[in-house]
Amino acid sequence: MNSIESLKLDFNSQIKQLYNIHNRKLFDDCIFVGSGDSYVAGLIVEYLTSHKCRCYSPSDLFNSRFIKDNTYCFISVTGKTRANIEVARRASQEGVKTVAVTLNKKSDLAQICDEIVLPEIKRTDTPTAGFGTFVGNVVTCLQIAGLTIPQKFDIWHKKGVELSLNLLESMLLPNDTIYILGNNIQYALATYASLQMAEFFGSTAVAHKLEEFCHSPIFGFKKSNHLWILGQNEDQIRRRLNRLGLQLSYFELDNSDIFAQLFVSIFFVQNLILLLAEKYGYTELQYVKMKDVLMASSDIIYSE
């Protein structure tokens with residue numbers, strides 16, 4: 001089975017597992033720490049708790065003082081990310097409460113932290129952490145932050161699939177840079193989409209907050225670039241940008257139910273990436289083929 005086929009299975013099989021995730025609230029205030037998909041999971045919690053919880057990359061905390069009254073929650077599927085381990089070790093040495101959200105309870109990160117939370121989801125046999133693992137981390141982190149998620153994953157999954165199928169015919173896989181824009185949780189999802197575009201297609205994909213893009217990056221936008229907007233009733237902005245003749249795709253994802261908006265958006269992004277891979281004949285994740293780049297990336301992320 002090729003890597004994209006395995007991710008298709010992961011996309012469809014994750015729903016049943018998500019219903020099995022049940023965690024108690026662990027804290028009122030928390031600082032989530034993670035990289036890549038894990039950073040996005042923490043950022044989603046920051047937005048849904050109205051910034052009561054916050055999220056940082058571990059590199060943000062290398063030279064920062066720890067806040068004694070806060071819990072530091074480190075998100076890492078493998079528990080092997082060097083930067084997470086270094087920050088967690090320093091936090092522990094300074095007497096700060098630490099929690100590891102990881103699938104690897106024997107990892108260095110898990111051993112350093114005061115408490116371990118194991119997302120109740122099985123990691124699929126894919127080169128990446130997988131779709132289900134990402135959503136499992138989101139659900140887990142929301143729960144331990146004290147948020148109760150309605151058990152509607154199958155409904156949200158179906159709506160995300162329908163939305164992506166309805167838009168596929170008009171969607172192009174950009175040959176040049178793609179800018180993915182969104183505000184609040186849609187910015188978090190724009191960041192997630194940019195990571196998936198790079199891994200699946202080797203695309204240069206850059207996430208921005210919608211207004212921040214208009215402050216400066218818009219002046220570097222070329223006619224060969226593409227713009228995706230993960231929208232929340234921002235059609236007026238779409239119309240204004242359209243008048244510039246930009247290659248623009250607008251996805252309306254607003255919903256009065258914030259959990260519906262979040263999970264429909266996640267499943268929409270995941271399935272859209274899979275559909276684009278099928279449409280353009282991709283069977284393997286492109287980043288896996290970039291052997292030298294992959295080796296350099298792994299050395300930086302995991303090596304002592």
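Let's start with a sheet of four strands: it is open, its strands pair in parallel, and their order is β7-β6-β8-β9. Two strands pair here if DSSP finds at least two bridges between them, and strands (E, at least two residues) and helices (H or I, at least four residues) are DSSP runs numbered from the N terminus. In general, strands of a sheet pair through backbone hydrogen bonds, either parallel or antiparallel. At the edges of this sheet stand β7 (205-208) and β9 (247-252), each pairing on one side only. On average, neighbouring strands are turned by 20° against each other, direction ignored; axes are lines fitted to C-alpha atoms, for helices over the stretch in contact, and angles run from 0 to 180 degrees between N-to-C directions.

Before going on, note that this is a predicted model, in which local features need pLDDT of at least 70 and side-chain atom pairs count only at pLDDT 80 or more, while totals for chains, interfaces and linings use all residues. Residues are numbered from 1 along each chain as its sequence is written, and side-chain values use heavy atoms, with hydrogens and water left out.

Look now at β6 (residues 178-181), which runs parallel to β7 and is joined to it by four bridges. One bridge to find is that of L181, whose partner in β7 is H208. Helix α7 packs on this sheet and touches β6, β7 and β8 (226-231), with its direction at about 170° to that of β7; contact means heavy atoms within 4.5 Å.

There is also an open sheet of five strands, with parallel pairing and the order β2-β1-β3-β4-β5. Because β2 (54-56) and β5 (115-117) stand at the edges with a single partner strand each, one side of each is left without a neighbour in the sheet. Neighbouring strands of this sheet are turned by 25° on average, direction ignored. Strand β4 (residues 98-101) runs parallel to β5, and three bridges join them; A100 has I116 in β5 as its bridge partner. Helix α5 (residues 131-144) packs on the sheet, touching β1, β3, β4 and β5, and its direction makes about 150° with that of β4. Helix α3 lies across β1 (30-33), β3 (71-75) and β4, at about 160° to β3.

Where is there open space? The largest pocket holds about 960 Å³. A pocket is an open set of points on a 1 Å grid over the protein atoms alone, where a 1.4 Å probe fits, with protein on both sides within 12 Å along at least five of seven lines; lining residues have an atom within 4 Å of a point. The volume is the space filled by probe spheres set on the points, which are joined across faces, edges and corners. Of its 30 lining residues, G36, E199, S297, I301 and Y302 are the closest to the centre. The largest share of the lining, seven residues, comes from α12.
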